[in-house]
Amino acid sequence: MKRRTILRNSALGAATVAAIGACSGPSVQTATGELPTLRWRMATSWPKSLDTIFGGAQTVCDRVSDMTGGRFTITPFAGGEIVPGLQVLDAVQQGTVECGHTASYYYIGKNPALAFGTAVPFGLTAQQQNAWLYHGGGLEAMQKIYADFNAIDFPAGNTGTQMGGWFKREIQSVADLKGLKMRIPGLGGKVMARLGVNAQVLPGGEIFLALERGALDAAEWVGPYDDEKLGLHKAAKFYYYPGWWEPGPTLEVQVNKTAWSKLPKEYQEIFQTAAFEANMNMLAKYDAKNGAALKRLVAGGTQLRPYSREILQAAERASFDLYEEDASKDATFKQVYEQWKAFRAQVYGWDKVNQLSFANFAMADK
Ligand code: CA
């Protein structure tokens, strides 16, 4: 509570500074010297029941309003409410909405390199992903791609390392994966397809019914806290880990570039600050809530299972084969992939020395 109060107070301070700046400096935005009143809409890919992931969208909207003294308000909508959950980028590009909160890997059909903006199999953890995006050239690379869609993106959430999904029966070998109908998006879905899975993409709000009714044999969403809310444990018993296709996926806000360019500089700064806050806050929320949710699930009968080494090794091989093939076919993918791969090698080298050695001793079973 205390932190929230401090944040709110400093936000009021920021709004005051912005208003004073608008009155006295060269950044006056209206004839009266006031920053304009704006009302935007934000389409999202998420059901409102998920306070974690939809909460990221809500954080951006709440904080923009707080920091502008209510002058700039953005209303977030659930997936399917005004725009289908997996068509947020289309709506942002066309200007149907000014902005959206979604995952870039839902749009790999438009440009395969957009996968890196969220997560790719055997890629980066949340901490590494933030390092790449903010200080390793990643965000610059993504924004260059989004410019082709008249959009600009900012990281605005991360789930942390995900779980490996719910299965109706045990999966011990690659052979066990053959023919399974599984909900899994992004390049993870493409890799699973190479291992024989019939990979499908469904928005979060539609997974439970499909799994329960047998249209799916397996499904992944995020992790214990969200998956419990969606009820996935009631539709399948075996819960696999780790989510090797999403070690630290970023969610993002996408803004129509024409609408963005019309924003006063102060509002652009405030919007980016709000997105930054959402990026941190969502990860902290997931990390704080997942442990207790996992305990509840296991107490309720969920069976935890690790992916076998055989599956992990086959999946890793298939992942890098896929990246190399995509790189040979698509110049943008090649450019992003090669830069990302070099960054990954460097950050893995560092984290092996510090984080992994610590985790192996302090967190591993003794
Ligand atoms: Ca997922």
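Okay, one term before we start: when I say a residue is buried, I mean its relative accessible area is under 20%. Over 50% counts as exposed, and what falls in between is partly exposed. Also keep in mind that what you see above is a predicted model.

Let's use that term straight away. Take two neighbours, Y105 and Y106: both are buried. Now, on aromatic rings, a search of the whole structure turns up 28 aromatic pairs. Y105 and Y106 make one of them, a tilted pair, with 5.3 Å from centre to centre and 50° between the planes.

Here's another pair, W245 with Y307. Their ring centres are 6.2 Å apart and the planes sit at 75°, so this one is edge-to-face. Where do these two residues sit? W245 is in the loop between β9 (238-241) and β10, while Y307 is in the loop between β11 and α13 (309-329), so the pair ties together parts that are 62 residues apart in sequence. As for accessibility, W245 is buried, at 1% relative accessible area, and Y307 is buried too, at 4%.

There's also a cluster held by ring pairs: W40, F72, F154, W260, Y267 and F271. Hang on to F154, please, since we'll meet that residue again in a sheet.

So, on to the sheets. One open sheet has 5 strands, in the order β2-β1-β3-β10-β4, and its pairing is mixed. At the edges you find β2 (72-77) and β4, each with a single partner strand, so one side of each has no neighbour in the sheet. On average, neighbouring strands here are turned by 25° against each other, if you ignore direction.

Let's look at β4 a bit more. Is this strand, residues 151-158, buried or exposed? Well, 8 of its 8 residues are buried, so β4 is largely enclosed by the rest of the structure. An edge strand in the sheet, then, but an enclosed one.

The partner of β4 is β10, residues 250-256; the two run antiparallel and are joined by 6 bridges. And here's F154 again: this residue stands opposite V253 in β10.

On to β3, residues 99-102. That strand also pairs with β10 in the antiparallel sense, over 4 bridges. If you want a spot to look at, T102 has E252 of β10 as its bridge partner.

What packs on this sheet? Helix α6, residues 138-147, does, touching β4 and β10, and its direction makes about 135° with that of β4. Then there's helix α12, residues 265-299, which lies across β1 (38-44), β2, β3, β4 and β10. That helix runs at about 30° to β4.

Next, a second open sheet, with 6 strands in the order β7-β6-β8-β5-β9-β11 and again mixed pairing. The edges here are β7 (198-200) and β11 (303-306), each with a single partner strand, so one side of each is left without a neighbour in the sheet. Inside that order, β5 (residues 166-167) and β8 (residues 218-219) run antiparallel and are joined by 2 bridges. F167 stands opposite A218 in β8.

Last topic: charges. In general, side chains of opposite charge can pair when their charged atoms come close. How many salt bridges are there in the whole structure? The search finds 14.

My pick to show you is R63 with E277, at 2.9 Å from N to O. R63 belongs to helix α2 (residues 53-67) and E277 to helix α12, so this pair ties together parts that are 214 residues apart in sequence. Both ends are out of the way: R63 is buried at 3% relative accessible area, and E277 is buried at 16%.

Then K110 and D90 meet at 2.7 Å, N to O. K110 lies in the loop between β3 and α4 (115-118) and D90 in helix α3 (residues 88-94), so parts 20 residues apart in sequence are tied together. K110 counts as partly exposed, at 35% relative accessibility.

Back in α12, E269 and K265 form a salt bridge, with the closest N and O atoms 2.5 Å apart. They're 4 residues apart in that helix, about one turn. E269 is partly exposed, with 39% relative accessible area.

And to finish, look for D51, K229 and K285, which are linked in a network of salt bridges.

Methods
Residues numbered from 1 in each chain as written. Predicted model: local features only at pLDDT ≥ 70, side-chain atom pairs only at ≥ 80, totals over all residues. Heavy atoms only, no water. Buried < 20%, exposed > 50% of the residue type's maximum accessible area, 1.4 Å probe, protein only. Pairing = 2+ DSSP bridges. Axes fitted to C-alpha atoms, helices over the stretch in contact; angles between N-to-C directions. Contact = heavy atoms within 4.5 Å. Salt bridge = Lys/Arg side-chain N within 4 Å of Asp/Glu carboxyl O. Phe/Tyr/Trp six-rings, centres within 6.5 Å; stacked < 30°, edge-to-face > 60°.
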